[in-house]
Structures are given as C-alpha cells and as structure tokens.
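Student: I've got a new structure to look at. Can we go through it together?

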Amino acid sequence: MRALILALSILAIVNSAHFAMAGLSSTPRETLIPADTAIATDEATQKTEEQIGLTKTKRREVQRRLTRLGFDTKINGKFDESTRAVIARWQEKNGYPTTGFLNATQHKVLTDTSANAGKSGHQHRRRAGGRARYSRGGGGPIGAIGGAVHGVGRAVSGLFRR
C-alpha cells in the first residue's frame, strides 16, 4: 500500500511540474481607449455626470470598478475630493480630459474595462489550476495523498484523451 501511495505521489509531482515552470505572464492587459477622438475629447462635467443618473449604489459600483483597475478609493457611494482625484487619474491614463467627473461614454468604458479585468483574472486563476483557492483544507498526509491521487487521475485521463 505504501509503495502505491509513493508511486502515485511521484506521478502527481511529475505531472504537475509544468505548472511550476509557467510563471507570471508578461503580456500587457488590453486597455480600452476610445477610437473616436471626438468622444475622447468630450469633456465630462458635473452636468454630464448628473445625466448618467448615478444613484448611491451605482456610485459605489464605480468606486469598486476603479479599485479593481488599480485606482484605489473608498467605496462609500460619495464622490468626494479623493474619489474625484481617482477619477481624474483614471481619465488621464485613458486619454480623457482630467476633470474628475464622468460622462456616459467614460462610464461605459470604465464599466466594460473593469468587467474585462475581472474576467481575465478569473481566467488566469482557472489556467493556474484555481482549485487551491477553494480547497477544503485537507492538510497533512491525508491531504497530500488526496492531492497526489487527484494529480494522477488527471495524468491518467490525459493519456486516454489522445
């Protein structure tokens, strides 16, 4: 029995060795920059932002999306000075006039860009074998054996798919 467990463990390690060599991707993320220069130069004002009809909940969502894209801000549903500064930094990075206010086009681009960023993060976890995040916590020797058996199962099933 011990020999079987040892053999299965070795097979699992050999099978998963290619994951260790993968590393982080150096491919830059896609950014959505408006193709139409008329849209890009359309300056956002308080009036254009009011036309979007952002409720407190929608403002929180804008703040979440900015944070997801790396522009950290408080998520409180209020567009105070710090949030306006973050919006202005996002506008500057994306080629918009830096007003700190949003217009409908900018709001849509922000929504689409952050949605794509969330999807690519999910796909990255899936490619990296995202099971560790949802682990059931079976640590110790029992967890190691289960992981080895799972790895061998994938290796064996891979042999029969060809």
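Student: Which residues make the nonpolar surface patch of about 300 Å²?

Tutor: First, this is a predicted model, where local features need pLDDT of at least 70, side-chain atom pairs count only at pLDDT 80 or more, and totals for chains, interfaces and linings use all residues. Residues are numbered from 1 along each chain as its sequence is written, and side-chain values use heavy atoms, leaving out hydrogens and water. A patch takes residues with over 30% relative accessible area (Shrake-Rupley, 1.4 Å probe) and no salt bridge (Lys or Arg side-chain nitrogen within 4 Å of an Asp or Glu carboxyl oxygen), with nonpolar side chains (Val, Leu, Ile, Met, Phe, Trp, Tyr) joined within 5 Å and like charges within 9 Å. Here the patch is Leu6, Ile10 and Val14.

Student: Is Val14 buried or exposed?

Tutor: Val14 sits in helix H1, residues 2-15; helices are DSSP runs (H or I, at least four residues), numbered from the N terminus. Buried means under 20% relative accessible area, exposed over 50%, partly exposed in between. Val14 has 58%, so it counts as exposed.

Student: How far apart are the end C-alpha atoms of H5?

Tutor: Expected span is 1.5 Å times one less than the number of residues. H5 (residues 56-68) has 13 residues, so it should span 18 Å, and the end C-alpha distance agrees: 18 Å.

Student: Which element gives the most residues to the largest nonpolar core?

Tutor: A nonpolar core joins buried Ala, Val, Leu, Ile, Met, Phe, Trp, Tyr and Cys through side-chain atoms within 4.5 Å. The largest has twelve residues, including Leu54, Phe71 and Trp90. H5, H6 (81-93) and H7 (104-127) each give two or more. The top giver, with three residues, is H6.

Terms used
Buried means under 20% relative accessible area, exposed over 50%, partly exposed in between (1.4 Å probe, protein chains only).
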